[in-house]
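Welcome! If you are meeting this structure for the first time, here is a short tour to read alongside the view below.

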Amino acid sequence: MSATIRAAVLRATGPISRDRLTLEHRELPPPCPGQILVTVRACGVCRTDLNIVEGDLPPRHPAIVPGHQIVGVVSEAAPGVDLALGTRVGISWVGGTDGTCRFCREGRENLCDAPVFTGYDIDGGYATAVVCRADFAYPLSDRLDDLHAAPLLCAGIIGFRALRVAGVVPGENVGLYGFGASAHLALAVLRSWGCSVSVATRGAGHRDFAEKLGADWVGKETDRPPQRLDRAITFAPSGDVVVAALGALRKGGVVAINAIHLDRMPQFDYDSLLWGEREIRSVTNMTRADARDFLELAVKIGLEPEATAFSLEHANDALRAVKNDAINGAAVITFQ
Ligand SMILES: [Zn+2]
Ligand SMILES: [Zn+2]
């Protein structure tokens with residue numbers, strides 16, 4: 001059966017100082033083989049959505065519905081799909097991979113040559129319903145409510161992957177540069193691992209928030225923490241911040257860049273900043289194993305993101321709030 005949905009649609013990119021998403025009614029086709037139709041209950045707003053809406057990421061579709069941190073309920077399934085109607089699931093940024101390229105075959109599906117991204121290649125969750133691949137939907141524990149589960153689905157999973165890419169070992173000194181939706185969840189995970197956490201971020205509000213959540217040291221975005229860092233993760237879309245993080249590392253330390261887009265990468269001094277086997281790594285997408293492992297950990301440690309709810313009618317405002325660092329934690333579009 002086809003379904004009529006309400007969706008916030010992007011037809012022309014540009015600065016979010018003006019509204020870029022328009023509310024439209026759309027027809028959704030019935031799910032194809034392997035797919036499910038999910039009635040959306042909540043959809044987190046990710047910085048990547050902002051990059052798509054503002055055109056930092058090139059448009060791949062003439063009219064796309066953003067949103068890739070979707071919590072919803074399976075309301076229709078193609079024959080043969082192994083998910084019962086009514087199952088509550090989460091859907092994330094990676095909406096599909098080919099399963100055949102060398103990266104998929106090596107267990108590195110985050111680097112797939114032909115990935116499909118939710119809310120970028122295919123319509124996402126700024127809508128009352130969405131169609132997706134059943135094997136890229138994650139059943140959710142009842143212990144996570146809709147509003148608080150949504151930000152886990154990209155901000156949380158990718159923040160967790162960043163900790164893996166950085167090679168964090170329990171008990172280490174770890175720096176987080178930038179303190180939005182992803183970093184505040186990474187902080188909670190790091191504390192559960194007994195790490196000492198330094199947070200460097202612009203905006204006094206975010207610094208206060210980091211202190212409240214138990215950061216061991218808090219400073220401005222290019223301030224140097226008092227102790228050398230074993231690992232640093234940069235979340236701010238700024239190359240200067242990457243260089244600041246490098247400057248805080250011990251020998252052999254790692255900076256993991258958790259950003260799909262950086263303003264630029266500045267020149268920096270090799271002798272003092274990279275020599276000594278320091279490393280810069282980028283964090284790219286996620287695997288389904290990252291998602292499952294993180295969602296399990298989130299339940300175990302009782303992770304509860306700070307979240308601010310917006311209605312679908314206020315999707316543009318939610319994007320502006322993310323851009324202007326106007327809220328602590330995550331913005332989430334919720335549906336009655
Ligand atoms: Zn692949
Ligand atoms: Zn995202």
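The notes that follow cover a metal site, the cysteines, a sheet with a helix across it, and two loop residues.

Please keep in mind that this is a predicted model. A zinc ion (ligand 1) is held by four donor atoms in a tetrahedral site, and there is an open sheet of six strands with parallel pairing.

**The zinc site**

- Four residues coordinate the zinc ion (ligand 1): Asp98 through OD, and Cys101, Cys104 and Cys112 through SG, at 2.0 to 2.3 Å.
- The angles among the four donor atoms run from 95 to 119°, and the site is tetrahedral.
- For comparison, the ideal angle for four tetrahedral donors is 109.5 degrees.
- Along the sequence, the donors follow the spacing D-x2-C-x2-C-x7-C.
- Asp98 is partly exposed, at 31% relative accessibility, whereas Cys101 is buried, at 8%.

**The cysteines and disulfides**

- If you go looking for disulfides, you will find zero in this structure.
- Take Cys32 as an example: the closest cysteine sulfur, in Cys132, is 12 Å from its own sulfur, so the two are too far apart for a bond.
- Cys32 is partly exposed, with a relative accessibility of 43%, while Cys195 is buried, at 7%.

**The six-stranded sheet**

- The strands of the open sheet come in the order β12-β11-β10-β13-β14-β15.
- At its edges lie β12 (217-219) and β15, each of which pairs on one side only.
- On average, neighbouring strands in this sheet are turned by 15° against each other, direction ignored.
- Strands β10 (residues 173-177) and β11 (residues 196-200) run parallel and are joined by five bridges; Asn173 stands opposite Ser196 in β11.
- Helix α7 (residues 239-247) lies across β10, β13 (229-234), β14 (249-257) and β15, and runs at about 155° to β14.

**Two residues with positive phi**

- Most residues other than glycine have a negative phi.
- Glu277 has a positive phi, near 55°, and is found in the loop between α8 (270-273) and β15 (279-282).
- Asn285 is not a glycine either, yet has a positive phi of about 55°; Asn285 sits in the loop between β15 and α9 (288-300).
- Are these two loop residues buried or exposed? Glu277 is exposed, at 67% relative accessibility, whereas Asn285 is buried, at 12%.

Technical notes: Residues numbered from 1 in each chain as written. Chains lettered and ligands numbered in written order. Predicted model: local features only at pLDDT ≥ 70, side-chain atom pairs only at ≥ 80, totals over all residues. Heavy atoms only, no water. Donors = N, O, S within 2.8 Å, 3.2 Å for Na, K, Ca; no water. Tetrahedral: all angles 85-135°; square planar, octahedral: opposite > 155°, others 65-115°. Buried < 20%, exposed > 50% of the residue type's maximum accessible area, 1.4 Å probe, protein only. Disulfide = S-S within 2.5 Å. Helix = DSSP H or I, 4+ residues; strand = E, 2+ residues; numbered from the N terminus. Pairing = 2+ DSSP bridges. Axes fitted to C-alpha atoms, helices over the stretch in contact; angles between N-to-C directions. Contact = heavy atoms within 4.5 Å.
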